[in-house]
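Reader: I would like a close look at one part of this model. Please start with how its length is judged, then place that part among its surroundings.

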Amino acid sequence: MINPSPWSHLYRLGILLGAAFVAFLVIKALATPPSWNHEAWYRGDALIDMASQPLAHGANESCRDCHEDAVKKVKKLKHKKLSCEGCHGALADHVQDGDKIADAKVITESRRQCLNCHAELIGKPKDFPQFTMAVNKHKTIEEGAVCLKCHDAHDPTP
Amino acid sequence: MAPPHEALVNYVFPNDVHVWWSLMIVIYPYITGLIAGAFVVSALYHVLNLKQFKPIANFALVTAFCFGLFAGMPLLFHLGQPQRAFEIYITPHTTSAMSVFGYVYGGYMIVLTIELWLIYRKHFVRKANETTGLERLIWSALCLGVNTYHPDSEKLDHRLARILAGIGIPWACLLHGYVGFIFGSVKAISWWATALQPIIFLSSAIVSGIAVLLVMYTVVKWTSRAPYDYTMLKSLAAILWAAFIVDWALEILELVHVWYQDSHEWEVIRPLLQGPLYVSYVWGQVGIVSVAATLVLGVAVLGKGNGKGMLYLVNVGSVLLLIQVLLMRFNVVVGGQLISKSGRGFVDFHWEFLGREGLLAALVLFSMPFITYYVISRFIPIFDQPAGQAK
Amino acid sequence: MATSESSETSSDQDSRRRFLKYAASGAATILMVYIPGATAGHRYSRIWKQRSKEHQWAYIIDADKCIGWGGCVRACKRENNVPDGVFRTWIERYIVTEDGVYVDSPNGGLGGFHQADPEIQKKTLYARFIPKMCNHCANPPCVQVCPVGATYKTPEGFVLIDHDHCLGCAYCVQACPYSARFINPVLKKSDKCSWCYHRIKKGKLPACVEACPTGARKFGDLNDPESEVSEILREGKWSVLKPHMHTGPTCFYVELPKEVV
């Protein structure tokens, strides 16, 4: 460089920084998601993404589509308020796109299925039907007997 | 019947079992603290004109730069999605203290790089004219193509470097202080939530920065068989000693305050300090390590020694302080997460050796700034002004 | 003359004072009853910038009704692919005894609970199952600390996470006083209960509410004055978790024992 001024290097630095700054602003504008909500500070399209998550459970009404009779029958029984899927598994494990993909069998038919709710535990409301294994009415119960041997799963009243 | 207040079991919320911020988040503030501390030492000469620190002013700046290059690495190692780290520049959420990291760190590195460039530009110009081929190209690029050194530009550069150093002090303080605020503002974690947090972080940062410079200076001079500047060392050790006493006082103050108030924070902090943090906090951070460091440095600074003996004492004290500050970072970051938000239990911290947040990764990462310093020192005369020691 | 004047003035003053007293106490009563009931979540809204006029969702948990079955935890896991070891919702059991409080949550209550130690049972004064989840606060500290705007409060009251934007830095996990958030070990991003936003948008209830057999979990629209949640809040006997944190939860508890944190 012939006869540089004492400022030459600073001019160049300034130009370099300026160019980098402009480039940064351009990249930032391009990289900001188009649906960005600048007041509440989130990506607006995220709500659409969240809403598109597939449902796994259908709720009791969805069982009616194929099991009208069964649903009507249970609606008159003790366990009518319970979620069908709570014992029979999620709808998405049973049906996909309207076609059955697997049985909706109960997870287990052992005692635990019933005792999970009905075993006597401190913490449960006093008026909730709960039992120990030494319930009077079961004086003659065999070892390892399953509740379902004598009780209807949808209406367990003895 | 006893008052029914006490918890009888170690109950931890189901989601509380993991310590999410692990070793990487321990060494991250450690590294930014070293940057802030080293920069402050450099500013002792560049801004405050304390002549006795002129010999290490540029050395401190280069050290700050070397640590600065790797300040972001622990964060990248920690993130679940490191490839999205750039989002901190695109959509920073300014209600979050963490959002300022991108701009404060990036801007600070630019300030630091420019200041270093102004200081060592004379050397770059000389090398650009002395070399040929590819090497010449690189040195010319570093000169931004201005390969002649105008005599008036020296004063200009010096003035500009001084301005940048002045801007750099508060900027370095923000670069490290915001980390303290990140912790101090989390009301959900009693061990973190105190207004003193940013101040304690900053004061211990300055301590660690001065300490690392003292040790590095000794090692560099020792390996290059160059003479030690004992007067400067004693002066710097005095500042280190004073800075640590202030830092230690702040740490004790925070402890005494939360103990005395005896509020819901102390209910979980007391068992934390008596239990998981007993060794690292009570004995380590505020206990033996601090006492030993204060004594050793006190003898070095107040004593009459001005030679090798003082040098050894100063180095021992500095190493102790580097340990103390690292313990402090560990105790704050990990300790806070050991308290379950149930208020009734404590979580275990599991050390990892391999893995993203493991000990090995932390050791390798922490050694990188020192290796970088060594590489830079092969190309640039860090301790000498490019053309003599004028002024 | 002077006496009658002064007696008139003093009786005027008396009646004015009485009027003011009644007015003040009346206003205070109305405010004390109305404000908490109708605007419970709205009190804290420093972060909640955009409010919907259509729906204002709220969740209510009746701590007297939960039987600790765990079907809600299982339903949520299935509905939202929640990995093992982390929970979007969970159940805790608080056993208050003469000597203090026992709390447990075996695997979040996923498989239900088992009977407590007989020694503890003997000393038990009372016990409750307490379901927990993200409180979808009106003033959420998690939203405040997210560095990139990956978590946010929607106009209808949901606090959601944008999984296409989250860095996985875990600051929000630290900031939540309720431990509702976690880093999803599979996705390596922050995750938490979303009140089954995807189900609400299709007119359904959250999976946990659907599963609950006893009505311990309720979800509804505060903008609908006839909804169950509105009625319960109007009764005024609700409480929230960690009220001193001022997060303004929109998850309300009824009959919450004071030992619950």
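Author: Start with the yardstick. The expected span of a helix is 1.5 Å times one less than its number of residues. The model is predicted.

Now the part itself: helix α1 of chain B, residues 23-46. Does its span agree with what its 24 residues should give, or disagree? It agrees: at 1.5 Å a residue the helix should span 34 Å, and its end C-alpha atoms are 34 Å apart. Next, its surroundings. A residue counts as buried if 20 or more other C-beta atoms lie within 10 Å of its own. By that test 24 of the 24 residues of α1(B) are buried, so the helix is largely enclosed by the rest of the structure.

How far can chain B be trusted? Its average pLDDT is 92, and 96% of its residues score at least 70. Two stretches need care. Residues 1-5 of chain B stay under 50 in pLDDT, with six contacts in the model beyond four places in sequence. Residues 386-391 of chain B also stay under 50, again with six such contacts. Where pLDDT is low, the predicted coordinates should not be read in detail.

For contrast, take a helix in chain A. Helix α3(A) covers residues 60-74. A straight helix of 15 residues would span 21 Å, yet the end C-alpha atoms of α3(A) span only 11 Å. There is also a kink in α3(A), of about 125 degrees, centred on H67(A).

The rest of chain A gives the setting for α3(A). Chain A holds five helices and four strands. From the N terminus they run α-β-β-α-α-α-β-β-α. Of its 158 residues, 16% are buried. Among its contacts with a separation of 6 or more, 38% are between residues 24 or more positions apart. Chain A divides into domain 1 (9-51), domain 2 (55-107) and domain 3 (108-158). Domains 2 and 3 of chain A touch, with seven residues from each. On that face, domain 2 of chain A offers five nonpolar residues, one polar and one charged.

Chain C touches both of the other chains. Chain C has eight helices and eleven strands. Buried residues make up 53% of its 261. Of its contacts between residues at least 6 apart in sequence, 66% join residues at least 24 apart.

First, the side of chain C facing chain B. Here 40 residues of chain C meet 37 of chain B. Elements of chain C that each supply at least two residues are β2 (89-97), β3 (100-104), α4 (141-145), α5 (171-175) and β7 (182-184). β3(C) gives the most, with five residues. By class, this side of chain C has 26 nonpolar, nine polar and five charged residues.

Then the side facing chain A. The contact takes 41 residues from chain C and 28 from chain A. In chain C, α2 (71-80), β2, β4 (124-133), α6 (197-200) and α7 (207-211) each supply at least two residues. The classes on this side of chain C are 14 nonpolar, 13 polar and 14 charged.

Back to the part you asked about. α1(B) has the 34 Å span expected of its 24 residues, and 24 of those 24 are buried.

Definitions and conventions: Residues numbered from 1 in each chain as written. Chains lettered and ligands numbered in written order. Predicted model: local features only at pLDDT ≥ 70, side-chain atom pairs only at ≥ 80, totals over all residues. Buried ≥ 20, exposed ≤ 12 C-beta atoms within 10 Å, placed from the backbone. Contact = placed C-beta atoms within 7 Å. Domains from an automatic or database assignment. Nonpolar A, V, L, I, M, F, W, Y, C, P; charged D, E, K, R; others polar. Bend = angle between axes of the 7 residues up to and from the residue. pLDDT = per-residue confidence, 0-100.
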